[in-house]
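Reader: I have just opened this one and have never looked at it before. Could you walk me through it, slowly?

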Amino acid sequence: MIAYLECFVQENDTESQPYDVVSGLGGALDLEGTIDCGDGAKQAAKDFGGMNSLAPLAFVRPAGTGDVASVVRVAANLNLTAAARGNGHSINGQAMAVRGLVLDMPAMEDHFRVVRTSNDSGYADVSGGALWEDVLKRCVRDYRMAPRSWTDYLSLTVGGTLSNAGVSGQAFRYGPQTSNVTELEVVTGKGETFVCSKAENSELFFSVLGGLGQFGIITRARVLLQQAPDMVRWIRLVYTEFDAFTRDAESLVTRCHESSDDDSFDYVEGFAFMNSDNPADGLPSVPLHPDQIFDPTRLPEEAGSVLYCLELARHYRNSDHPSIVDMGVTRLLDGLAFVEGLEFQVDLGYEEFLLRVKQAEEHAKASGIWDSPHPWLNLFVSKSDIADFDRVVFKKILKDGIGGPMLVYPLLRSKWDARTSVVLPDSEIFYIVALLRFTPAYPKGPSFESLVAQNQEIVQYCTKKGFDFKLYLPHYRSQEEWKRHFGNQWSRFVERKTCFDPTAILSPGQKIFPRII
Ligand code: FAD
């Protein structure tokens, strides 16, 4: 079927969408899917960050890999750009393409196949545009299997998180999602389609993992699976002192061995929160169940205005006797220095645990803050600098909170493959810090410009102090800044670009390379 084309020139945008290019698209693209240059394309001008709005020339809903390759080739011929759009959950317009073609990756035909390689392991071949929540449901419900490494929130696409890293509380054990795929199908910036893995077309494989969409469009991924547990014991432990919190968090992530279930929790995260009554980021945000209450009299007198919480989870089966589950958890908690009486536990199904942020999404949508701007900041900070970071950033710059979670938990560099395009701090232990701001839109809340300025203050402080840190889900405006971000990996990144997308067609919203015409 030839694409249904409904193109028009936006009245006030004739310069950026010249009629000859728009009309030329109709003839050039022979798609099985559909293309929309009208109102339907406006969806591609939005993202979760809500701070940028750049309409593409057209929004293409590809039916399959052939359509993706065709779009890239047409972008090459018509001097345009092309961006894969996952679920548009970027913050800074990274999936946008002004004067370009945006591909609606979730629209691609469904590709789903599970192969069991042993009793408790296997893999799933899934589409690049699949949502992780759908991968979860299909793997668990039909096969009692599940991917090993997740993100906290699952309405994100496989290709979108693999283009960054994909991090959650399982990453200390299995590495990020980029460490848990063994094969990809990729359409490069030359419009060529390859299957790649560590053994086959390996340079392309490692380039696209964490590659910020710069080298190719991931149309299929092979994701490692493990046996899915039935249940999860979800635990939160409160700390008043940052050094006790980090000591315990580091001991939990370093004592684990991938192969031995007994030594370790299955999930380790942590967050900073306010010693206040604020439901969004104060004491009420910690308990795991409406029946649980945070009793502030348990806090020692010397507790400051910022507190910390370790968040842990342990998998188990329905067939495990409750006393065995309790004993296992008690053993793992033994010796941890959390505040007595400020521990919270709840048992819930595995799917419910992994989909826990969905509930928060529903609440935020009901109150309108899901659709407010989200000037989020994510960083990786080395272990050696995290105490100073806490002293100045959490305790001073963010002393009034951010209206949402301030995640901070350790990860292990050795679980990340240095051949991927992700850049990390140098130390083996580094922390992810995620400032997930949820404030009402201005004038009910602060302006997003003031929050962006606060993010800049944090980054400038880290830079001035010479911290060993990197932005995660990075956003810069100039190539000079990108060069600094990549440091000694910049030349590798440029070589990869020259090899796989020499005219810089792909993901222009990252603002790394200008289109070469
Ligand atoms: P998009 O935002 O649409 O795209 C991101 C970039 O990847 C763009 O440059 C795009 O062009 C490119 N891209 C998209 N698809 C492909 C593809 N198939 N092939 C090649 N390039 C592609 N991240 C974590 O690591 N851990 C978390 O726990 C986590 N939680 C989050 C919670 C929320 C509520 C939100 C909004 C984001 C969260 N993220 C988390 C960030 C998330 O990983 C990024 O937003 C990421 O970009 C994935 O989103 P997406 O699938 O919508 O991709």
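Author: Let me begin with a definition that we will need for single residues: a residue counts as buried if 20 or more other C-beta atoms lie within 10 Å of its own, as exposed if 12 or fewer do, and as partly exposed in between. Please also keep in mind that this is a predicted model.

Reader: Okay, let me try that on N79. How many other C-beta atoms lie within 10 Å of N79, and what does that make it?

Author: N79 has 13 other C-beta atoms within 10 Å, and because partly exposed residues fall between the two cut-offs, N79 is partly exposed. It lies in the loop between α2 (65-77) and β4 (81-85), and its phi is near 60°, a positive value in a residue other than glycine.

Reader: And why is a positive phi worth pointing out?

Author: Most residues other than glycine have a negative phi. N201 is another residue with a positive value, near 45°, and it sits in the loop between β10 (193-197) and α6 (202-208). N201 is partly exposed too, with 17 other C-beta atoms within 10 Å.

Reader: What about the peptide bonds, where is there a cis one?

Author: A cis peptide bond joins Y442 and P443, with omega at about 10°, and P443 belongs to the loop between β18 (429-435) and α12 (448-464).

Reader: Let me step back to the whole chain. How many helices and strands does it have, and what are its overall dimensions?

Author: The protein chain has 14 helices and 19 strands, and its C-alpha trace spans about 70 × 55 × 45 Å along the principal axes. A compact globule of 517 residues would have a radius of gyration near 24 Å, and the 23 Å found for the protein chain agrees with that. Buried residues make up 45% of the 517. Of the contacts with a separation of 6 or more, 73% are between residues 24 or more positions apart.

Reader: What sits in the middle of all that, I mean the largest nonpolar core?

Author: The largest nonpolar core has 133 residues, and those with the most contacts inside it are V71, A82, L101, L103 and I432. If we leave aside neighbours within four places in sequence, V71 is in contact with L29, V60, P62, A82, L101 and L103. In soluble globular proteins, nonpolar side chains tend to be buried together.

Reader: Which part of the chain has a domain annotation?

Author: The UniProt record, an unreviewed entry, annotates residues 52-228 as "domain: FAD-binding PCMH-type". In the model this span is 23% helix and 32% strand, and its end C-alpha atoms lie 39 Å apart.

Reader: Could we look at one helix, say α3? What length should it have, and what does it have?

Author: Helix α3 covers residues 132-143, and at 1.5 Å a residue its 12 residues should span 16 Å, which agrees with the 16 Å between its end C-alpha atoms.

Reader: Which of its residues are buried?

Author: The buried residues of α3 are W132, V135 and C139. They cover an arc of only 55° around the axis, which puts them on the same side of α3. An α-helix has 3.6 residues a turn, so residues three or four places apart point the same way.

Reader: And what do they pack against, and what is on the other side?

Author: The buried residues of α3 pack against β6 (112-118), β7 (121-127), β8 (145-147), α4 (158-162) and β11 (216-227), whereas R141 and D142 are exposed on the other side of α3. Just after the helix, R144 takes a positive phi of about 55°.

Reader: Switching to glycine: is G213 buried or exposed?

Author: G213 is buried, with 29 other C-beta atoms within 10 Å, although it is found in a loop, the one between α6 and β11. Setting aside neighbours within four places in sequence, its contacts are A83, A84, S163, L506, S507 and Q510. G213 and L162 are 51 residues apart in sequence, and their C-alpha atoms are 9.2 Å apart in space.

Reader: One last residue, E269. Where is it, and what does it touch?

Author: E269 is found in strand β13 (residues 267-274), and with 26 C-beta neighbours inside 10 Å it counts as buried. Not counting residues up to four places away in sequence, E269 touches G169, E311, L407 and Y409.

Key: Residues are numbered from 1 along each chain as its sequence is written. This is a predicted model: local features need pLDDT of at least 70, side-chain atom pairs count only at pLDDT 80 or more; totals for chains, interfaces and linings use all residues. UniProt positions are given in the numbering used here, feature names are shortened, and annotations may be inferred rather than shown by experiment. Helices (H or I, at least four residues) and strands (E, at least two) are DSSP runs, numbered from the N terminus. The expected span of a helix is 1.5 Å times one less than its number of residues. The arc is that of the directions from the helix axis to the C-beta atoms. Two residues are in contact if their C-beta atoms, placed from the backbone, lie within 7 Å. A nonpolar core is a set of buried Ala, Val, Leu, Ile, Met, Phe, Trp, Tyr and Cys residues joined through C-beta atoms within 7 Å. The radius of gyration is taken over C-alpha atoms; the globule rule is 2.2 Å times the number of residues to the power 0.38.
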